[in-house]
Amino acid sequence: MFGDQRRVDFVSKGVWALKLYTDEQYRRFVTEFQDYLFENVYGVQATEENKVKVYGKEFLGWAKPEAADDSAWDYDDIDQSPKSATPVRPSQDLMEEFEEAANGGVQSLTLGAMDNSFLVSDTGVQVYRNFNHGIHGKGVVAKFDSGGSSLGRSTPKKALLMRAETNMLLMSPLKEGKPQANGIQQLDIETGKIVTEWKFQKDGTDITMRDITNDTKASQLDPSESTFLGLDDNRLCQWDMRDRAGMVQNIAAANSPVLNWTQGHQFSRGTNFQCFATTGDGSIVVGSLEGKIRLYSKTSMRQAKTAFPGLGSPITHVDVTYDGKWVLGTTDTYLVLICTLFTDKDGKTKTAFSGRAGNKIPAPRLLKLTPLDSHLAGTDNRFHGGHFSWVTENGKQERHLVATVGKFSVVWDFQQVKNSAHECYRNQQGLKSCYCYRVLLKDESIVESRFMHDNYAVTDSPEAPLVVATPMKVSSISLSGKR
């Protein structure tokens, strides 16, 4: 919507512009459009009473963004680190450094903060070496041998680094097209062999998991790490690879050893969890099918500290900054960026992971493609895998956001998105949407786009390289100040 031009652009088998004659007509159109949109999404009329029912009293700022307190968006994060104090230049471009052929059939990209990164493909795990300008193949592949596997033969869809990045957990879905798995395989990266297969069980009964992640943003760097988190439609838990006596299980004697459920909760029904992520201190953010985003502290997986209402679209992927102040949810057609900061009754600034935020939470911002780019991306292409750039140090602030849609890698400048005075937000009604981004186009659909760890940011670039994996290739891209 372009309020200053009384113009609305939209996509419908092409890109169209609708121009209105007067300011009054434009305002009436936008108001009616927002009301009909609410009715389409929630199935009820856009009355004040229904908005309270849908969003709850605490989140009326989501229904009426113009009445929300947005001062937290301009909260200035103090970045003490000298290296990352480089000013973000407005003219940064995405400059491709180099591209390499992968072995084909790439399913996922797993970046390490230490020496190596990994591509999981149909045939095995390809090892890449990390450099300041990107990743280079080492020509080493750990091949999958699922001959005697009790966990199914499908290609792993999820890979998780552990124990100072010397081990990798691989999760393969039981059925094609469904994400759930009944266990994991543990790969020793140094030998390239699967050393163990672990089963998911609770109270002696086999159960499934839809996703796994590390306990904290940095715990994959811990050489003694033996626990990780698991998520299923109605389960959130922590698994332990040691037995209850504290000893590492005797693999030779066990037939698919069982992971220990150390803590967590099995919800009766209806949570419809889809995806999750952790902060630097181990707080957990969970996205769900109905669009809700729930925040859990590391000490309680039974009761969410804060539950953000859905905007009508399922959350397919979620990420959170190291400090827990910002949450990024991915839906098929937009990203939703939530600021979790609020001021409590004593005047202290907290995150919604540590306390109930009440009605103090600011309205979210939406990150979208322009109608033209949306049209070019194609009707079947959906956003996936929205990530912040990667830091694991207190006081450092993530600088960019990246998501993938079809053949596009889309990068937003985080500081620009947070800035309330940013030109995108002028004359907007409803939730503010940011359309300022840079696009990298590949010649085939992108599997994943991720920023390397902040360790790999070099002095003449304020950001570590972006790595983009397609089924057949992997590219490394730097954010350059050159035009």
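1. How much space lies in the largest cavity? The largest cavity holds about 60 Å³. The model is a predicted one, and a search of the whole structure turns up two cavities of 30 Å³ or more. The largest cavity has 14 lining residues, and those closest to its centre are G291, P309, L311, I315 and V336. By class, its lining comprises nine nonpolar and five polar residues, with no charged ones.

2. The second largest cavity contains about 50 Å³ of space. Ten residues line it, with V391, Q397, R399, D454 and E463 closest to its centre. The make-up of this lining is two nonpolar, three polar and five charged residues. Charged residues are thus present in the lining of the second largest cavity, whereas the lining of the largest cavity has none.

3. Some totals for the chain follow. The chain has five helices and 35 strands. It comprises 483 residues, 54% of which count as buried. Of the contacts between residues at least 6 apart in sequence, 57% join residues at least 24 apart. The exposed area of the chain is about 22,100 Å², with 48% of that area supplied by carbon and sulfur atoms.

4. Strand β20, residues 293-296, is covered on both faces. In a regular strand, side chains alternate between the two faces of the sheet. In β20, I293 and L295 lie on one side and R294 and Y296 on the other, and all four are buried. The arginine and the tyrosine on the second side, R294 and Y296, are therefore under 20% relative accessible area.

5. The pairing of β20 can be followed on both sides of it in sequence. Strand β19 (residues 284-288) pairs with β20 in the antiparallel sense, over four bridges. Within this pair, G287 has I293 of β20 as its bridge partner. Strand β21 (residues 306-308) also runs antiparallel to β20, and three bridges join the two. Here T306 in β21 is the residue opposite L295. Two of the buried residues of β20, I293 and L295, thus appear in these pairings, I293 with G287 and L295 with T306.

6. The connection between β19 and β20 is a hairpin with four residues between the strands. G291 lies in the turn and has a positive phi of about 95°. G291 is also one of the residues closest to the centre of the largest cavity.

7. A second residue from that cavity lining leads to another sheet. V336, also among the residues closest to the centre of the largest cavity, stands opposite L366 in β27. Strand β24 (residues 335-339) and strand β27 (residues 365-367) run antiparallel and are joined by three bridges. Both belong to an open sheet of five strands with the order β22-β23-β24-β27-β31 and mixed pairing. The edges are β22 and β31 (433-434); each has a single partner strand, so one side of each has no neighbour in the sheet.

8. The edge strand β22 also contributes to the second largest pocket, as one of the elements that give two or more residues to its lining. The others are β4 (106-110), β8 (158-162), β14 (211-214), β18 (273-278), β28 (383-388) and β33 (448-451), with β22 spanning 317-320. This pocket contains about 1,500 Å³ of space. Its lining has 47 residues, and K157, K158, D211, H317 and E448 are nearest the centre. The lining divides into 20 nonpolar, 17 polar and ten charged residues.

9. S354 sits in the loop between β26 (349-351) and β27. Is S354 buried or partly exposed? S354 is partly exposed, with a relative accessible area of 44%. Its C-alpha atom is 8.5 Å from that of Y296, although the two residues are 58 apart along the chain. Y296 is itself one of the buried residues of β20.

10. Two residues other than glycine deserve a check of the backbone. R6, in the segment before β1 (7-11), has a positive phi near 55°. R6 is partly exposed, at a relative accessible area of 25%. K13, in the loop between β1 and β2 (15-19), has a positive phi of about 50°. K13 is exposed, at a relative accessible area of 86%.

Note on methods. Residues numbered from 1 in each chain as written. Predicted model: local features only at pLDDT ≥ 70, side-chain atom pairs only at ≥ 80, totals over all residues. Heavy atoms only, no water. 1 Å grid on protein atoms, 1.4 Å probe; cavity = no way out; pocket = protein on both sides within 12 Å on 5 of 7 lines; lining within 4 Å. Points joined across faces, edges and corners; volume = space filled by probe spheres on them. Nonpolar A, V, L, I, M, F, W, Y, C, P; charged D, E, K, R; others polar. Buried < 20%, exposed > 50% of the residue type's maximum accessible area, 1.4 Å probe, protein only. Contact = heavy atoms within 4.5 Å. Areas by Shrake-Rupley, 256 points an atom, 1.4 Å probe, with all protein chains shown as cover. Pairing = 2+ DSSP bridges.
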